[in-house]
Amino acid sequence: MFYDLYNYWMVIVLMMIGLYIVISRNNLIKKLIGLNIFQTSVFIFYISVGKVDGGTAPIFSSTETLYSNPLPHVLILTAIVVGIATMALALALVVRIKRAYGTVEDAELQELDNRC
Amino acid sequence: MLNHLPILQVIVPLLAAPACLLLNKPRLSWLFACFAAVISLLISGALLYQVQQSGVISYMLGGWDAPWGIEYRIDLLSAYVLLIVSAIGTVVLLAANTSIRQEIDEDKQSVFYVLYLLCMAGLLGIVATGDIFNVFVFLEISSLATYALVAFGRDRRALLAAYQYLILGTIGATFLLLGIGLLYSLTGTLNMQDLAERLPVASESATVYTAFAFMIVGVCLKLALFPLHLWLPNTYTYAPSIVTAFLAATATKVAIYLLIRLYFSVFGADFSALPIQPIFIGLGLVSVFVASTVAIKQPNIKRLFAYSSVAQIGYMIIGIGIGSSLGLQATLLHLFNHALMKGALFLALAAVVYRIGSAERSGFNGLAKQMPWTMAAIVVAGLSLIGVPLTVGFVSKWYLVLASFQSGLWPVALLIVIGSLLSIYYVWALVESAYFGKAAMPSNVSSSSAANLSPIKEAPLSLLIPIWILVLANVYFGIDTRLPLEASATAANFLMGGGS
Amino acid sequence: MLLVITAIAIARVVDLFAAVMLSGIYGLLSASFFVAMDAVDVAFTEAAVGAGIFPLLMLMVLGVTGRYEKLEANLKKPAVVKKVAMLMLMLLTGGLLIFGTIDMPAFGSADAPAQQHVNIRYIEQSPEEIGIPNMVTSVLASYRGYDTLGEVLVIFTAAMGVLALFSSQLFSPSKPSMQVEQGGMRDHHVLRIVSKILIPLILLFAFYVQFHGEYGPGGGFQAGVIFAAGIILYTMLYGLNKAMEVIKPSVLRILCAFGVFIYGSTGVVSMLSGGNFLDYSVLASDPIIGQHLGILVIELGVGITIAAGMILIFFAFSHQAESQLGEG
């Protein structure tokens, strides 16, 4: 059983690290890096679901009969694109925040807002 | 062409968005966007009619059959929500030109309409699709567009609000994605209908519970249910007024739709092992009370109504939690009604912001004399929010109370009524200052902004007409309740019947 | 396992520059993991995005915002309660997940439901139904083509969002006062010459990937990213202004929308010729040729939008970074 689920548990560990960075760090950029880890861990989860022991990449050839599942690959291709799009937008926001406030530390931002 | 309506519903605004970008003249873009929105409104009307006549419409994208390809599946519930979203989207867009010209720089206005259309198309796509991964994709289209739209706000806090919303929204979406992955690993399918059929086999499994939990938490982040509502007040307060009106009236509604869809259609609502219904009712009630209490103290009226939105979402969740067909019907009614009243309220606030430059409470003193029509709109929509008879708000609250009595939950009914009293308090305070408060002296006005030196006038017609369309709809559907009642009753029965 | 170590290192490190580098490594590691899991297309993309575009954008932003994060201790915040609450949340979510995995089908087993249901048709019939060997491309472009349209629109939305956030000064010719033109890599003659040879190759490779997607790993998205990478390299060597002279942002904007149009109109055309939206089989008299044609055209649309969108986002960021340097 341990071996059966080993991959999934690694995913969970990665996920928790990512989530931890997102909610515990003050720096807005660090939060985004954490978010990236968080998202990637879910990608790894999907790809693990699609793996078949002894299978090969799902590109048809006359010598192979066992392939890994192509559907999770497709979904994750889409999800990666969504992820990078989100990141681009988030980073743009961070740059604007830096411009407007002069800092990217969450706690300092809160203080600045409470003052005015 | 008629059998292509389900897909046209979504791709008309979707493909109109890049076209809008090519026009690159704010006014032209606006006209074009309005044109696309009106078409999609007509389509949604036609769809509702079709569904009522001939039942569920299923449309296979790419011509592949359902579990292999992506299916668009329009039942009564989705047709009903599609109509709400496209109707509100269109009316708000009609008002957008005037307000946006003032709140957003000239060179960014085209992009604004592009994003607006994308957001609307994303929301429509979530509702129309019958494929659970497709939901995720369209959720992200609408969310990304929303983050950018919020960041258009004048105040620099809008940026921070957008950032926070982005982080929470992405966590929510990733949770949803994880839930989808778990379900897929159990069933091997992504089609909702197919999932529902294959899940009962696996329903004893811990994985299903986990998937359920993650998806529900993910969606609840999006719909700002009580402990997860933190992003909403800031977002609504600092976004441009038009965006607030649109989001308040549509985005949370679509999230509620998604919750209902997942809960009843996909999972089949048979989680007897989990106390999910009491949790919904409890969270809903806490939502109503905490948010209403916080709302009372808010100096910024936009923020006040943002908290009030959190409270109203609470009512809808209670309706789901009650778990009877009548409760669900109350939720669906409130979905429709809340969209009408919050649309009207936030548009009216947009008019106020247009004239006096902010939505601070102090600015409302004596405003009824200067902007009688706008304030009258706020009063009517406010009455509807409280739930006074002859407005739509009454109908849905009435059904909610009825549903809780029917299920023997009379304390819940009592608490709902008390919750409504709280909303009387905050609406009244606003009305009082507008009608009986002293108008600000000209000297005070000049201190706020140089542009306000001239006396405050009534809002321009281009804003007033959309506002009053919504206000009249509030009253009309409060008196002639047939359309939403019938649609919601059938949809609720259908869901409960299909679920059990 | 390496992934976990890297992730922990990222969590610990205070230097954001190092964190970005580590997340680049993380991206590369996960890409190699995907290869091990037979997901070559995904690995290709993850390598380009996770180890390429993402760290690049991050670095440009760091140029604007500063390199080090401030430790919580410096901010004098009583964080103990917060920390305990967070730990509880972590344990709760993690525990729930582990609980959830218990009933999951074992990793790699060929008779798990995920491998049994929808998947079978993709594997057994797609070579005949679509006529191309790469099943990922078949599923991506045809069976689930509508998701891919959504994906293209996500990039389009993000590009629009970034444009909206950075006001459109990008479209006005920038002032000559920027002194950064002289610095950095632009003085390295060797680099310039090497890259002069490399850039056309990269662009050529992009086209290869674009049209090879039916047979091997690759396709519109990967090609778009590679093409964008070529242009980005050019920009880094010759400066933003020069690059913007070669490819005008306003043209990019049109291209970005144009790619979506190509995709969308493929759907509309198939609708007009009697099929459903995005049903390529009706595009030609022979369904398989129709599928071929449809996939070719939509991949082109994907490639155009992705490349234009990525370059646009990159231009917007580096414009910000440069004007920041100009001010400071």
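Here is a short chat about this predicted model.

Colleague: Hi! Can we begin with chain C: how many helices and strands does it have?
Modeller: Sure! Chain C has 13 helices and zero strands.

Colleague: And what share of chain C is buried?
Modeller: Of its 328 residues, 56% count as buried. The accessible surface of chain C is about 13300 Å², and carbon and sulfur atoms account for 71% of that.

Colleague: What about contacts in chain C between residues at least 6 apart in sequence: what share joins residues at least 24 apart?
Modeller: That share is 69%.

Colleague: Nice. Changing topic, how many residues are in the largest nonpolar core?
Modeller: It has 320 residues. Those with the most contacts inside it include A:Leu32, B:Phe112 and C:Tyr146. Helix H3 of chain A, residues 70-101, gives the largest share of this core, with 22 residues.

Colleague: Which residues does C:Tyr146 touch, leaving aside its neighbours within four places in sequence?
Modeller: Among them are B:Ile7, B:Leu61, B:Tyr72 and B:Phe138 from chain B, along with C:Phe277 and C:Leu278 from chain C. There is also a second, separate core of 18 residues, which includes B:Ile318 and B:Tyr399.

Colleague: Okay, now chain B and chain A. How much area do they bury between them?
Modeller: About 3000 Å², with 79% of it on carbon and sulfur atoms. Chain B brings 30 residues to the contact and chain A brings 35.

Colleague: How many salt bridges and polar contacts are there?
Modeller: The rule finds zero salt bridges across that interface, while three residue pairs are in polar contact.

Colleague: Which helix gives the largest share of chain B's side?
Modeller: That is H6(B), with 19 residues.

Notes: Residues numbered from 1 in each chain as written. Chains lettered and ligands numbered in written order. Predicted model: local features only at pLDDT ≥ 70, side-chain atom pairs only at ≥ 80, totals over all residues. Heavy atoms only, no water. Helix = DSSP H or I, 4+ residues; strand = E, 2+ residues; numbered from the N terminus. Buried < 20%, exposed > 50% of the residue type's maximum accessible area, 1.4 Å probe, protein only. Contact = heavy atoms within 4.5 Å. Areas by Shrake-Rupley, 256 points an atom, 1.4 Å probe, with all protein chains shown as cover. Core = buried A, V, L, I, M, F, W, Y, C linked by side-chain atoms within 4.5 Å. Buried area = accessible area lost by both parts, 1.4 Å probe. Salt bridge = Lys/Arg side-chain N within 4 Å of Asp/Glu carboxyl O. Polar contact = N/O pair within 3.5 Å; in protein donor to acceptor, adjacent residues only side chain to side chain.
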